[in-house]
Amino acid sequence: MIIVMNPEATKQEIDKVTAKLVSVGLDFHLSQGQSRTIIGVIGDKKTIAQLQMDVFDGVEKSVPITESYKLVSRGFKREDTIVNVGGVLVGGGNIGVMAGPCAVESREQLFEAARCVKAAGAHFLRGGAFKPRTSPYDFQGLAEVGLKMLAEAGQEHDLKVVTEIVDVNAIDLHCEYADVLQVGARNMQNFELLKVVGKANKPVLLKRGLSATISEWLNAAEYIMSEGNYNVILCERGVRTFETYTRNTLDLSAVAAVKQLSHLPIIVDPSHGTGRWKMVRPMSRAAIAVGADGLMIEVHPNPEIALCDGNQSLTPENFQIVMNEVEEFAKLMGKKLR
Ligand code: PEP
Ligand code: MN
């Protein structure tokens, strides 16, 4: 339920409403808009259904929320959420670009990738140290050594670091080295992991599951927010369909849908979304045009010898071209890339 207060509602009236909610064991989220306060009610569904909030002074109306996600929903909070990662903003007119190799392979590879993506204007260095691979015989990542390298490369090149966490027990380790905790497609419904990152003091990048509906995805974000972490960035990375030409079908309509359903920032990963480097450039333009708040793009100094996802990785030169175009498209959308 959301409770919409009158524009003239006093602080005392708002306090009375929230005190009532607390008295019946419910929690709430206050959203102070320009003209009015909106109170989002969280907690037991039966208790909420029995509430009679319209009788309180200062209440304009109470509206039941039918979606199971609440904190995530646009009804709860009208204004776009801007996630601030140590001064780098994502959302609300700020485009954030995360770029780098699929996996951290070596110091040379990572530092060269970091140098190039920084030069092209990226804000975040991406790279997996723990790789969820389909085959157990494929490169699994450099683990903690890789995390350390990411932190060092990020520092040296003034880039925020985003990397995937796959294990609830590795939360402290990731918090030590990463600026943003990435929950990958394969773990989007790993609810214990969602709860753990929800308690962490770091922004979370939540990728859409391989076959997740938009509602399942937003409910996964609700898990994180319900633990108190409101700094969630969504990432559309394609879903599995009957199509085989592309690795996944990049669902850009999800961006338009999420913009209506939620206040959270959403970025697009055209690398995993298509699996083909030649499609990354046009799909990056399309992502910005449809309203995405940023991009995640795989860039490798030498894609031919990449240990992971070389087919979808851009060379530094091609990444620069994409960034130049994205800057123009961002301007058209009234947004800032830098
Ligand atoms: C990744 O970004 O490295 C990755 C594994 O992506 P996804 O979880 O979207 O497959
Ligand atoms: Mn990859």
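**A manganese site and a ligand pocket**

Along the chain, the donors of the manganese ion (ligand 2) follow the spacing C-x169-H-x25-E-x10-D. Two of these positions, C102 in the loop between β7 (96–100) and α3 (107–120) and E298 in strand β14 (residues 294–298), are 196 residues apart and link distant parts of the chain; helices (H or I, at least four residues) and strands (E, at least two) are DSSP runs, numbered from the N terminus. The protein donors are C102 (SG), H272 (NE2), E298 (OE) and D309 (OD), lying 2.0 to 2.3 Å from the ion, where donors are N, O and S atoms within 2.8 Å of the metal (3.2 Å for Na, K and Ca), and sites may look incomplete since water is not among the atoms.

This is a predicted model, in which local features need pLDDT of at least 70 and side-chain atom pairs count only at pLDDT 80 or more, while totals for chains, interfaces and linings use all residues. Residues are numbered from 1 along each chain as its sequence is written, chains are lettered from A and ligands numbered from 1 in the order in which they are written, and side-chain values use heavy atoms, with hydrogens and water left out.

H272, a donor of the manganese ion, is also among the residues that surround ligand 1, together with R126, K131, E164, Q182, G184, A185, R186, K207 and R237, each having a heavy atom within 4 Å of it. An oxygen atom of ligand 1 is 2.7 Å from an N or O atom in the side chain of R126, and polar side-chain atoms of K131 and K207 lie 2.9 Å and 2.8 Å, respectively, from an oxygen atom of ligand 1 (a polar contact being a pair of N or O atoms within 3.5 Å; within protein, one must be able to donate a hydrogen and the other to accept it, and residues adjacent in sequence count only if both atoms are side-chain atoms). The protein covers 96% of the 300 Å² of accessible area that ligand 1 has on its own, by the Shrake-Rupley method with a 1.4 Å probe.
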